[in-house]
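The following exercises ask you to read burial, contacts and helix packing from a set of coordinates. Work through each task before turning to its solution.

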Amino acid sequence: MHKDLSLSINIWLIVLATIVLSMIGVGGLTRLTESGLSMVDWQLFVGIIPPLSQADWIKLFDDYKQYPEFKIKNINMGLDEFKYIFWWEYGHRVLGRIIGLVFIIPFVYFALKRCFSKTEYKFYFILFFLGGFQGFIGWWMVKSGLDMNPYVSHFRLAVHLIIAQIILALIFFQLLDRNIKEQ
């Protein structure tokens, strides 16, 4: 493989690992600020657009008011406080999409340039699957707090965090493996 492409793959993996690490941090802050249940609906493609008007914010806040977290924990919450918790969860979810793009676009480019061995393709498909599965697990976790109990399941939260750490470890493993083989 051309040396420049090998370096580019290493940079891609470092950027990916950095964003995943940031995602873990934002996820932790989302948890600490108790913001994770502020978004009661999430549309995969349209959901990237945040509220753009006061009417949009009021609609989202009214939706939030229908769920136990508001009714049991945050009954006195105002719109400004809702915006604060909303932005943490929104940022967490958008960062997940950014990770997906940062993974898939360079991957397709490098695949078209035939930069990967069969083993590496398997690894990247596993990583891609884990990333998608992580999104599903995140929503499964949030769903646990939208029922009668306004708290997410600690077990589901642990699964979400563990999978994030596995993804991060796999990226670092791949980066180390690539660099050991190149020497």
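A residue is called buried when its relative accessible area is under 20%, exposed when that area is over 50%, and partly exposed in between. The model is a predicted one.

**Exercise 1.** Determine whether Gln134 is buried or exposed, and find which residues it contacts beyond its neighbours within four places in sequence.

*Solution.* Begin with the location: Gln134 belongs to helix H5, which spans residues 118–143. Next, compare its accessibility with the cut-off; the relative accessibility of Gln134 is 11%, and therefore Gln134 counts as buried. Finally, list the contacts: once the neighbours within four places in sequence are left aside, Gln134 is in contact with His160, Ile163, Ala164 and Ile167.

**Exercise 2.** Describe how H5 and helix H6 pack, giving the angle and the distance between their axes, the relative direction of the two helices and the handedness of their crossing.

*Solution.* Two packed helices are described by the angle between their axes and by the distance between those axes. For H5 and H6 (residues 154–182), the angle is about 160° and the axes are 9 Å apart. Since angles over 145 degrees count as roughly antiparallel, H5 and H6 are therefore roughly antiparallel to each other. The crossing of H5 and H6 is left-handed, and the contact between these helices comprises, by class, 16 nonpolar, five polar and four charged residues.

**Exercise 3.** Identify the buried residues of helix H2, and establish where they lie around the axis of H2.

*Solution.* Within H2 (residues 54–64), the buried residues are Trp57, Phe61 and Tyr64. These residues cover an arc of only 55° around the axis, which means that they lie on the same side of H2. An α-helix has 3.6 residues a turn, so residues three or four places apart point the same way. On the other side of H2, Ala55 and Lys59 are exposed. As the last step, find the partners of the buried residues of H2, which pack against helix H3 (68–73) and helix H4 (79–112).

**Exercise 4.** Classify Met23 and Phe128 by accessibility, and name the residues touched by Met23 and by Phe128, not counting those up to four places away in sequence.

*Solution.* Met23 lies in helix H1 (residues 3–32), and with 16% relative accessibility Met23 counts as buried. With residues up to four places away not counted, Met23 touches His92, Leu95, Gly96 and Ile99. Phe128, in helix H5, has 46% relative accessibility and counts as partly exposed; under that same exclusion of residues up to four places away in sequence, Phe128 touches Phe103 and Ile104.

Terms used:
Residues numbered from 1 in each chain as written. Predicted model: local features only at pLDDT ≥ 70, side-chain atom pairs only at ≥ 80, totals over all residues. Heavy atoms only, no water. Buried < 20%, exposed > 50% of the residue type's maximum accessible area, 1.4 Å probe, protein only. Helix = DSSP H or I, 4+ residues; strand = E, 2+ residues; numbered from the N terminus. Arc of directions from axis to C-beta. Contact = heavy atoms within 4.5 Å. Axes fitted to C-alpha atoms, helices over the stretch in contact; angles between N-to-C directions. Parallel < 35°, antiparallel > 145°, perpendicular 65-115°, else oblique. Left-handed = near helix turned anticlockwise from the far one by under 90°. Nonpolar A, V, L, I, M, F, W, Y, C, P; charged D, E, K, R; others polar.
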